[in-house]
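Below are some notes on backbone geometry and internal cavities. Please read them with the structure open.

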Amino acid sequence: MERIEHHASFGGRQEVWRHASATLGCDMKVGVYLPPAALQGRRCAVLYWLSGLTCTEQNFITKAGAQEHAARHGLIVVAPDTSPRDPDASLGVADDPAYDLGQGAGFYVDATEAPWSAHYRMQSYVAEELPAWVEAHFPATDARGISGHSMGGHGALVTALRHPGRYRSVSAFAPIVAPSRVPWGRKAFTAYLGEDPRAWRDWDAVELLAGAKQGLALLVDQGGDDPYLDEQLRPQLLREACEGAAHRLQLRIHPGYDHSYYFVASFLGEHFEHHARHLGDGAPSIRT
């Protein structure tokens, strides 16, 4: 592992690390914000952030203003890249010319179809390898929260639902809640998981909620003027699924806000408060 960036920020330090991922078969870049408490030797809870289509580890750490909130609440923030990468095309990592498939568009699934299955195992990376790496190399407890935006909001919801007991708190901004039913998701799932829609159910938050084993409190914010609202995001399907499963959901629609990081930054502080309430002082998490 190699630290390739470090910047003082709100009494803490924003870092970017490169490490070799055995799960993905390539090097990955990860943004890690260490709050003042961590620099002073205290072990802190961790909030994982999953970004959206076309993003890298840079978008959230440079646009969202997360460092101030993380410093105030004493949370380590970990923001990985959105897919495996192959900068010099030496590893054979599959790609596609379109923005919504391939590098930059991993959709946080474990691909089963060639050529994607060789490297695109983002779910295993995010849920297993990345936390193990963070907890081994940084002053982190195993108290974890997870959040994300758009494709990353889908990733946060699905990761928490697939791993009950692993995360204390979940939130999302403009998530793709039912990828099996929208163009972005159907395109990616067909490529990564095959043409049988039955194979997609385990990667769809609305489908997973029916059998959810952990009653996490969900906070979801959605821009009312988001250009993708009706075709790609469809938050009403999440509301209906949560009501059907008696699952707690706070869904807030904000008139005038779009899909950008201007929207994310406007409400991110409230998401940090949500996670801080559930993560507490970073004590070891309770397993179910």
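1. The largest cavity. Since this is a predicted model, the points below describe computed geometry. The lining of the largest cavity is made up of Leu157, Ala160, Leu161, Val170, Leu209, Ala212, Lys213, Gln214, Leu216, Leu218 and His247. Its volume is about 80 Å³.

2. Where that lining comes from. Helix H5, residues 151-162, gives the largest share of the lining of the largest cavity, namely three residues. Leu157, Ala160 and Leu161 are among the lining residues, and their numbers can be looked up against the range 151-162 of H5.

3. Character of that lining. Eight of the residues around the largest cavity are nonpolar, two are polar and one is charged. Lys213 is the charged one, because Lys belongs to the charged class. Gln214 and His247 are also part of this lining.

4. The second largest cavity. The structure has two cavities of 30 Å³ or more. The second largest holds about 50 Å³ of space. Gln14, Tyr33, Phe60, Ile61, Ala66, Gln67, Val77 and Ala79 form its lining. At least two of the lining residues come from each of helix H2 (58-63), helix H3 (66-73) and strand S5.

5. Character of the second lining. Six nonpolar and two polar residues surround the second largest cavity, with no charged residues. The two polar residues are Gln14 and Gln67, because Gln is in neither the nonpolar nor the charged class.

6. A cis peptide bond. Which form does the bond from Ala114 to Pro115 take, cis or trans? The bond is cis, and omega is near 0°. Pro115 sits in the loop that runs between strand S5 (76-80) and helix H4 (122-137). S5 also contributes to the lining of the second largest cavity.

7. Positive phi at Ala89. The loop between S5 and H4 also contains Ala89. The phi of Ala89 is near 55°, a positive value in a residue that is not glycine. Is Ala89 buried or exposed? Ala89 is exposed, because its relative accessible area is 64% and the cut-off for exposed is over 50%.

8. Positive phi at Phe10. Another residue other than glycine with positive phi is Phe10, where the value is near 50°. Phe10 lies in the loop between strand S1 (2-9) and strand S2 (12-21). When checking the backbone, look at Phe10 in the loop between S1 and S2, and at Ala89 and Pro115 in the loop between S5 and H4.

Key
Residues numbered from 1 in each chain as written. Predicted model: local features only at pLDDT ≥ 70, side-chain atom pairs only at ≥ 80, totals over all residues. Heavy atoms only, no water. Helix = DSSP H or I, 4+ residues; strand = E, 2+ residues; numbered from the N terminus. Buried < 20%, exposed > 50% of the residue type's maximum accessible area, 1.4 Å probe, protein only. 1 Å grid on protein atoms, 1.4 Å probe; cavity = no way out; pocket = protein on both sides within 12 Å on 5 of 7 lines; lining within 4 Å. Points joined across faces, edges and corners; volume = space filled by probe spheres on them.
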